[in-house]
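Student: Could we go through this structure together? I keep meeting words that I can repeat but cannot yet justify.

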Amino acid sequence: MSKDIDKAIVPIVKMALNNDAFRDTVITGQEAQVVLMTLQPGEEIGAEVHGDHDQILILVEGNGQAVLSGNAREVGTNDLVFVHAGTEHNFINTGSKALKLYTVYAPPEHPAGTHHDDKAEADAYEEEH
């Protein structure tokens, strides 16, 4: 039982601050998933829509723009952005240092264990699947 608890309790902010990968899956459950993300200066996630699920993003370091349904808004450290299912969204690092965050998908968006070192690797994976 304690192994399940150890997998369920993680120092998420510390993990996010130490993450340098574009995408790194932390926990995948039946109904939700937690993923670390790091956007380098000038980098963006890319406009996308999740038609059947919500996404929550919590920024732990850096700043940028959240673009929701075509409307850009400045966001930064300690902001939470709730993206409702069906909303076109993009996140852009407009700062001079890495934008680090963790995101929660409900239900999961990526296969358990997904790890992409950089956006190019993530894009190549998306094209294959």
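Tutor: Gladly! Let us start with a definition: a residue is buried under 20% relative accessible area, exposed over 50%, and partly exposed in between. Keep in mind that this is a predicted model.

Student: Why is Ile 56 called partly exposed?

Tutor: Its relative accessible area is 23%. Buried would need a value under 20% and exposed one over 50%, so Ile 56 falls in between and is partly exposed.

Student: Where is Ile 56 found, and which residues is it in contact with?

Tutor: Ile 56 is found in strand 3. Leaving aside neighbours within four places in sequence, its contacts are Leu 80, Val 81, Phe 82, Tyr 102, Thr 103 and Val 104. Take Phe 82: it is 26 residues from Ile 56 along the chain, but their C-alpha atoms are separated by 4.6 Å.

Student: What makes Val 81 count as buried?

Tutor: Val 81 has 7% relative accessibility. That is under the 20% limit, so Val 81 counts as buried. Val 81 has its place in strand 6, and beyond four places in sequence it is in contact with Gln 55, Ile 56, Leu 57, Ala 66, Leu 68, Val 75 and Phe 91.

Student: How far is Val 81 from Thr 103?

Tutor: From C-alpha to C-alpha they are 9.3 Å apart in space, and in sequence they are 22 residues apart.

Student: What makes a group of residues a nonpolar core?

Tutor: The members must be buried, must come from a set of residue types that includes Val, Leu and Phe, and must be joined through side-chain atoms within 4.5 Å. The largest such core here has 16 residues, and Met 37, Leu 39, Ile 45, Leu 57, Val 81, Phe 91 and Leu 101 touch the most other members. Two or more residues of this core come from each of strand 2 (33-39), strand 3 (54-61), strand 6 (80-83) and strand 8 (99-106). A second core of seven residues lies apart from it, with Ile 12, Leu 36, Ile 58 and Val 60 among its members. In soluble globular proteins, nonpolar side chains tend to be buried together.

Student: Which residues does Leu 101 touch?

Tutor: Not counting residues up to four places away in sequence, Leu 101 touches Ala 16, Val 35, Leu 36, Met 37, Leu 57, Ile 58, Leu 59 and Val 60.

Student: Back to exposure. How do you know that Asn 78 is exposed?

Tutor: Asn 78 has 67% relative accessibility. The cut-off for exposed is over 50%, so Asn 78 counts as exposed. Its place is in the loop between strand 5 and strand 6, and its phi is near 75 degrees, a positive value in a residue other than glycine.

Student: Ser 69 has a positive phi too. Why is Ser 69 called exposed?

Tutor: Its relative accessible area is 52%, and exposed means over 50%, so Ser 69 is exposed. Phi of Ser 69 is near 50 degrees, and the residue sits in the loop between strand 4 (63-68) and strand 5 (71-76).

Student: And what makes Val 13 partly exposed?

Tutor: Val 13 has 41% relative accessibility. That value lies between the 20% and 50% limits, so Val 13 is partly exposed. Val 13 is found in helix 2 (residues 12-18) and touches Val 60 and Tyr 102, not counting residues up to four places away in sequence. Its C-alpha atom is separated by 10 Å from that of Asn 78, which is 65 residues away along the chain.

Student: What makes the bond from Ala 106 to Pro 107 cis?

Tutor: Its omega is near 0 degrees. Pro 107 lies in the loop between strand 8 and strand 9 (115-116).

Student: How many helices and strands does the protein have?

Tutor: The protein has three helices and nine strands. From the N terminus, their order is α-α-β-β-β-β-β-β-β-β-β-α.

Student: Why is the protein called as compact as a globular one of that length?

Tutor: Its radius of gyration is 14 Å, close to the 14 Å that the globule rule gives for 129 residues, so the description fits. Buried residues make up 39% of the 129 residues.

Notes
Residues are numbered from 1 along each chain as its sequence is written. This is a predicted model: local features need pLDDT of at least 70, side-chain atom pairs count only at pLDDT 80 or more; totals for chains, interfaces and linings use all residues. Side-chain values use heavy atoms; hydrogens and water are left out. Buried means under 20% relative accessible area, exposed over 50%, partly exposed in between (1.4 Å probe, protein chains only). Helices (H or I, at least four residues) and strands (E, at least two) are DSSP runs, numbered from the N terminus. Contact means heavy atoms within 4.5 Å. The radius of gyration is taken over C-alpha atoms; the globule rule is 2.2 Å times the number of residues to the power 0.38.
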